[in-house]
Amino acid sequence: MSKHVKDLLAQDFSQRLEGVQDCLVANMIGLDANTTVQLRKQLREKDIRVLVVKNSLAVRATAGTPIAAAFDNLDGSAALVWGAEDFVSLVREVVALDKSEEYAAFEARGGVLDGEPLSAEQVKQISKWPTREELLSIVSGQLTGVASELASQLTGPAQQIASQVEQLIEQKETEETES
């Protein structure tokens, strides 16, 4: 391939990856064409994109970007995987595919999170983290728990006073009716 063609491909890849901050690198070598199409379709339904690219072209295309570290010390072809709702959702999906019998040749090789390279083992650890949606529900549960506890503590003494006032009123009424 001529240098001009490589530059054109690198420009195309860099345009496709514009705005991508976090990604994973996977191996898709060994999947037949039909399985690859099925895999891509399954990922596209979850808003996950896959780009298979030669490592040297990926290094050119991502030079100076936050995802450039993903291609350090990689050889051969790589599938760049990005997208999904959040990074943890992406990692969970890729790790699930990695474990899948249907896509046995597919394996996570690493990635980049916040500009820091990730190993395959770190990717598997991240898959155990809570997703953005789960984190939001945890935080909202903690906030409402504190707020409801505070409300009960504020209204508790007032309810006790109201109860005592009611008892006094009832006591006065019974004294008046007896006399």
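A salt bridge is taken here as a side-chain nitrogen of Lys or Arg within 4 Å of a carboxyl oxygen of Asp or Glu, and by this rule the count comes to five salt bridges. The model is predicted, so that local features need pLDDT of at least 70 and side-chain atom pairs count only at pLDDT 80 or more, while totals for chains, interfaces and linings use all residues. Residues are numbered from 1 along each chain as its sequence is written, and side-chain values use heavy atoms, with hydrogens and water left out.

**Exercise 1. Overall form**

Task: Establish how many helices and strands the protein has, and decide whether the protein is more spread out or less spread out than a compact globule.

Solution. Step one is to list the elements, where helices (H or I, at least four residues) and strands (E, at least two) are DSSP runs numbered from the N terminus. There are six helices and five strands, and their order along the sequence is α-β-α-β-α-β-α-β-β-α-α. Step two takes the radius of gyration over C-alpha atoms and sets it against the globule rule, which is 2.2 Å times the number of residues to the power 0.38. For 179 residues the rule gives 16 Å, whereas the radius of gyration of the protein is 29 Å, well over that value, so the protein is more spread out than a compact globule. Step three adds the spans of the C-alpha trace along its principal axes, which are about 110 × 35 × 25 Å.

**Exercise 2. Burial, surface and contacts**

Task: Find what share of the residues counts as buried, and what share of the exposed area carbon and sulfur atoms supply.

Solution. Step one fixes the classes: buried means under 20% relative accessible area, exposed means over 50%, and partly exposed lies in between (1.4 Å probe, protein chains only). Of the 179 residues, 32% count as buried. Step two uses accessible areas from the Shrake-Rupley method with a 1.4 Å probe, in which, for residues, only the protein chains shown count as cover. The protein exposes about 11500 Å², and carbon and sulfur atoms supply 52% of this area. Step three turns to contacts, meaning heavy atoms within 4.5 Å: among those with a separation of 6 or more, residues 24 or more positions apart account for 76%.

**Exercise 3. Salt bridges**

Task: For the pairs Arg60 and Asp7, and Glu93 and Lys46, work out where the partners lie and whether each is buried or partly exposed.

Solution. Step one considers Arg60 and Asp7, whose side chains meet in a salt bridge at 2.8 Å, N to O. This pair links distant parts of the chain, with Arg60 in helix 3 and Asp7 in helix 1 (residues 3-16), 53 residues apart. Arg60 counts as partly exposed because its relative accessibility is 36%, and Asp7 is likewise partly exposed at 31%. Step two considers Glu93 and Lys46, which meet at 2.9 Å, N to O. Here too distant parts of the chain are linked, since Glu93 is in helix 4 (residues 87-99) and Lys46 is in the loop between helix 2 (33-44) and strand 2 (48-54), 47 residues apart. Glu93 is buried, with a relative accessible area of 14%, whereas Lys46 is partly exposed at 41%.

**Exercise 4. Three buried residues**

Task: Locate Thr62, Val123 and Leu74, and list the residues that each one contacts beyond four places in sequence.

Solution. Step one places Thr62 in helix 3 (residues 55-62), where a relative accessibility of 2% makes Thr62 buried; its contacts are Leu17, Ile67, Ala68 and Phe71. Step two places Val123 in helix 5 (residues 120-126), buried with a relative accessible area of 0%. Val123 is in contact with Leu24, Val91, Val95, Ala108, Gly110, Gly111 and Leu118, and its C-alpha atom is separated by 9.3 Å from that of Val88, 35 residues apart along the chain. Step three places Leu74 in the loop between helix 3 and strand 3 (77-83), buried at 13%; Leu74 touches Val25, Asn55 and Arg109.

**Exercise 5. A nonpolar patch**

Task: Identify which residues make the nonpolar surface patch of about 260 Å².

Solution. Step one recalls that patches are made of residues with over 30% relative accessible area and no salt bridge, like charges being joined within 9 Å and nonpolar side chains (Val, Leu, Ile, Met, Phe, Trp, Tyr) within 5 Å. Step two names the members, Ile161, Val165 and Ile169. Step three examines Ile169, which lies in helix 6 (residues 132-178) and counts as partly exposed at 44% relative accessibility.
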